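Me: I'm new to reading protein structures, and I'd like a close look at a single part of this one. Could you take me through it slowly?

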Amino acid sequence: MHEKPVALVTGAGRGIGRGIALELVREGFAVAGCDIVFEPGNAASGLFEAKAAVESLGGEFLPVRADIASLDGHEALLDAVRERYGRLDLLVNNAGVAPKVRLDVLETTPESFDRLMDINLRGAFFLTQKAARLMIEEKKTAPDRRPAIVFISSVSARVSSPSRAEYCISKAGLSMAAKVFADRLAEFGIMVYEVRPGIIRTDMTAAVKEEYDGLIAGGLVPQKRWGFPEDVGKAVAALAKGSFPYSTGLVLEVSGGMDIARL
Ligand code: NAD
């Protein structure tokens, strides 16, 4: 049984997931990071680069191959975490994708719709269901632990983008999943939170960098800068370390003030 609290971060090979893993390690968590991209020979990017970055901070990182959309693999993923660390204190549902092609809502294809629901919503929902059952069991023998689950949704859970309707809908669904699990798991002392990133500089937003540079310069984001993975990581770490013990269901937006209604 590991003496440190243990976090599982999905999609931890790059971007926001990697940033979350690093901040959790700084808060004293041992981390398991899973990703659909799993290249043990690649030290320059992906899970094994993240592992090296975590180890340079003196932390522990277990890389696991997993496709979150494939429900059949969830048991093996949780088994891998328990085999290495013997416990699970935190699940961060971060893995997610944008549409391969942005199409107007009048042109959205069923294939893209299903792909985003499978990865962003259905995968996270059923992984959470399994992890929650595990946490309920573990809490019986370790009542002092503070298990928690964090959903990384997006400002797109509340903001319409007609050129990527399926993304917005998947994130709105994820937001409700966080709420329902928060409600159901409260009696077990399992905290559930939703974190809504705004415009974060990662590979996901690389294709629209110039467009967003212009929008940020034009005042869309009151703090007038891109967000970075560590901005989201610090928010998750604050939730994970137990700073909000009476706030299950909290929705924390990390968007430089995009949620301020302005005139
Ligand atoms: P990213 O594309 O840079 O990284 C996502 C990671 O998830 C990659 O390592 C990828 O391989 C992995 N992944 C993709 N599909 C997977 C699957 N089926 N199973 C396991 N791993 C999978 O994206 P990011 O910008 O770091 O985004 C991370 C999360 O944050 C996503 O859920 C995204 O929707 C959300 N988000 C991002 C932004 C932004 O501006 N970048 C804003 C709001 C929300």
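Me: Where is the kink in α4 centred? Please also show me how this helix sits among its neighbours.

Reply: Happy to! Keep in mind that this is a predicted model. The kink in α4 is centred on Asp118, and the bend there is about 40°.

Let's start with the helix itself. Helix α4 covers residues 110-141, which makes 32 residues. At 1.5 Å a residue, a helix of that many residues should span 46 Å, and the end C-alpha atoms of α4 are 45 Å apart, so the two values agree.

Now look at the partners of α4, beginning with helix α5, residues 165-185. The axes of α4 and α5 come within 9 Å of each other and cross at roughly 15°. Angles under 35 degrees count as roughly parallel, so α4 and α5 are described as roughly parallel to each other. The crossing is right-handed. On the α4 side, the residues that meet α5 include Phe113, Leu116, Met117, Leu121, Phe125 and Ile136. On the α5 side, among them are Tyr167, Ile169, Leu174, Phe181 and Leu185.

Another partner of α4 is α3, which consists of residues 74-85. The axes of α3 and α4 come within 10 Å and cross at roughly 40°. These two helices are therefore oblique to each other, and their crossing is right-handed. From α3, the contact is made by His74, Glu75, Leu77, Leu78 and Arg82. From α4, it uses Gly123, Phe126, Leu127, Lys130, Ala131, Leu134 and Glu138.

Following α3 onwards takes us to the sheet. Helix α3 lies across β1 (6-10), β2 (30-35) and β3, and runs at about 155° to β3. Those strands belong to an open sheet of 7 strands, paired in parallel in the order β3-β2-β1-β4-β5-β6-β7. The edges are β3 (61-65) and β7 (251-254); each has a single partner strand, so one side of each is left without a neighbour in the sheet. On average, neighbouring strands of this sheet are turned by 20° against each other, direction ignored.

You can zoom in on one pairing in the sheet, too. Strand β4 (residues 90-93) pairs with strand β5 (residues 148-152) in the parallel sense over 4 bridges. Val92 has Val150 of β5 as its bridge partner.

For one more helix pair, try α1 (residues 15-26) and α7 (residues 229-240), whose axes come within 7 Å and cross at roughly 45°. That angle makes α1 oblique to α7, and the crossing of α1 and α7 is right-handed. Residues in this contact include Gly15, Ile16 and Gly19 of α1, along with Pro229, Val232 and Gly233 of α7.

To finish, go back to Asp118 in the viewer and find the kink of about 40° in α4 once again.

How values were computed:
Residues numbered from 1 in each chain as written. Predicted model: local features only at pLDDT ≥ 70, side-chain atom pairs only at ≥ 80, totals over all residues. Heavy atoms only, no water. Pairing = 2+ DSSP bridges. Axes fitted to C-alpha atoms, helices over the stretch in contact; angles between N-to-C directions. Contact = heavy atoms within 4.5 Å. Expected span 1.5 Å × (residues − 1). Bend = angle between axes of the 7 residues up to and from the residue. Parallel < 35°, antiparallel > 145°, perpendicular 65-115°, else oblique. Left-handed = near helix turned anticlockwise from the far one by under 90°.
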